[in-house]
Amino acid sequence: MKGIILAAGKGSRLYPMTRPVCKPLLPVYDKPMIYYPLAALLQAGIRDILIIIPPGEEGPFYRLLGSGGRFGVNITYEVQEVARGIADALLIGSQFIGDDSVCLVLGDNIFYSPNFQDCLDRAVQQKSGACVFGYYVDDPRAFGVVEFDGQGRAISIEEKPRYPKSNYIIPGLYFYDNSVMEIARGLKPSARGELEITDVNIEYMKRGQLHVEKLDRDFVWLDAGTADNLLESAQVVRRVQDETGRYIACPEEIAYARGYISRQTLLRHAADLSKTLYGRYLECL
């Protein structure tokens, strides 16, 4: 399975912060925002990763992540010249995906749960169709909303509905088999002029191949795309880390636990960050 991080948004909801700095490079408490979706892919066991970035941002991303050797993975980059929607990431990454399945994650989404690994394992093990997640929110009108029947099967998905049919939204983490490429190539732009990921999910639903896994109510999902959400995300990450003594989205820790990097490599990275809490955490692993 290949992994794609869509990190090409302009971050206009965060202006003026994102005028000099690309949104996924902003800090969420003690680490760059992009570490969170990157960690999700590493937890899913994905080692070939494409990051889709805005024009002119190759240098900052490469200085942060390089080609992935720090984490024992392979990272490449593609530029999205014009923002054409989330599903456009699949078309940009078509050569990278090839004949493989793919996990697409948004660059400003944060996921945390003690049981997150189990959710990822089930999604990866599904060999055909699509697997997405249903997350309960109080006000779902700004998201893609999924409606279920009495057996828990998805029967409708609406993008930003005025009158939502449920409180479950689909956050920005999607697992697809390779038929997603045929679906993506057949998409037409929506009224917003974008290729909607909701349309991809609807097509899988029509085919009877969409699995929506409802996340527990204690699952933490955060969209750090606004100033308020960015602040809330940082506060949540700090609170969870302080209370549990565990770091959220520490790619080096995940890479070491999975055997992607050696302890010697881990300690070398820790030494580079020795004056930070992050570095001291790595030293204790």
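**Exercise 1.** State which strand holds aspartate 223, and determine which side chain of opposite charge is nearest to aspartate 223.

*Solution.* Aspartate 223 is found in strand E14, residues 220–223. Helices (H or I, at least four residues) and strands (E, at least two) are DSSP runs, numbered from the N terminus. The model is predicted, so local features need pLDDT of at least 70 and side-chain atom pairs count only at pLDDT 80 or more, while totals for chains, interfaces and linings use all residues. Residues are numbered from 1 along each chain as its sequence is written, and side-chain values use heavy atoms, with hydrogens and water left out.

Next, take the surroundings. Aspartate 223 is buried, where buried means under 20% relative accessible area, exposed over 50%, and partly exposed in between (1.4 Å probe, protein chains only). The nearest side chain of opposite charge is arginine 13, 4.1 Å away, and aspartate 223 has no salt bridge. For charge, Lys and Arg count as positive and Asp and Glu as negative; His and the chain ends are not counted. A salt bridge is a side-chain nitrogen of Lys or Arg within 4 Å of a carboxyl oxygen of Asp or Glu.

Finally, list the partners. The side chain of aspartate 223 reaches the backbone nitrogen of glycine 225 at 3.1 Å. Setting aside neighbours within four places in sequence, aspartate 223 is in contact with Arg13, Asp108, Asn109, Phe143 and Asn229; contact means heavy atoms within 4.5 Å.

**Exercise 2.** Find the buried residues of helix H5 and explain why they line one face.

*Solution.* Helix H5 spans residues 116–125, and its buried residues are Phe116, Cys119, Leu120 and Ala123. Viewed down the axis of H5, these buried residues fall within an arc of 95°, so they line one face of the helix. The arc is that of the directions from the helix axis to the C-beta atoms. The cover over the buried residues of H5 includes helix H1 (35–43) and strands E7 (109–112), E8 (130–136), E12 (173–176) and E13 (210–214).

**Exercise 3.** Count the disulfides, and say why cysteine 131 is not bonded to cysteine 119.

*Solution.* A disulfide is a pair of cysteine sulfur atoms within 2.5 Å. By this rule the count is 0. For cysteine 131, the closest cysteine sulfur belongs to cysteine 119 and lies 8.8 Å away, too far for a bond. Cysteine 131 is buried, at 2% relative accessibility. For cysteine 250, the closest cysteine sulfur is that of cysteine 284, at 11 Å, again too far for a bond. Cysteine 250 is also buried, with a relative accessible area of 1%.

**Exercise 4.** How many salt bridges does a search of the whole structure find? Describe those of arginine 192 with glutamate 194, glutamate 203 with arginine 207, and aspartate 242 with arginine 238.

*Solution.* The search finds 16 salt bridges.

- Arginine 192 and glutamate 194 have their closest N and O atoms 3.3 Å apart. Arginine 192 is partly exposed at 45%, and glutamate 194 is partly exposed at 24%.
- Glutamate 203 and arginine 207 meet at 2.9 Å, N to O. Glutamate 203 is partly exposed at 26%, as is arginine 207 at 32%.
- Aspartate 242 and arginine 238 have their closest N and O atoms 3.7 Å apart. Being 4 residues apart in helix H8 (residues 227–244), they are separated by about one helical turn. Aspartate 242 is exposed at 57%, whereas arginine 238 is partly exposed at 48%.

As a last step, salt bridges that share partners join Glu182, Glu203 and Arg207 into one network.

Technical notes. A polar contact is a pair of N or O atoms within 3.5 Å; within protein, one must be able to donate a hydrogen and the other to accept it, and residues adjacent in sequence count only if both atoms are side-chain atoms.
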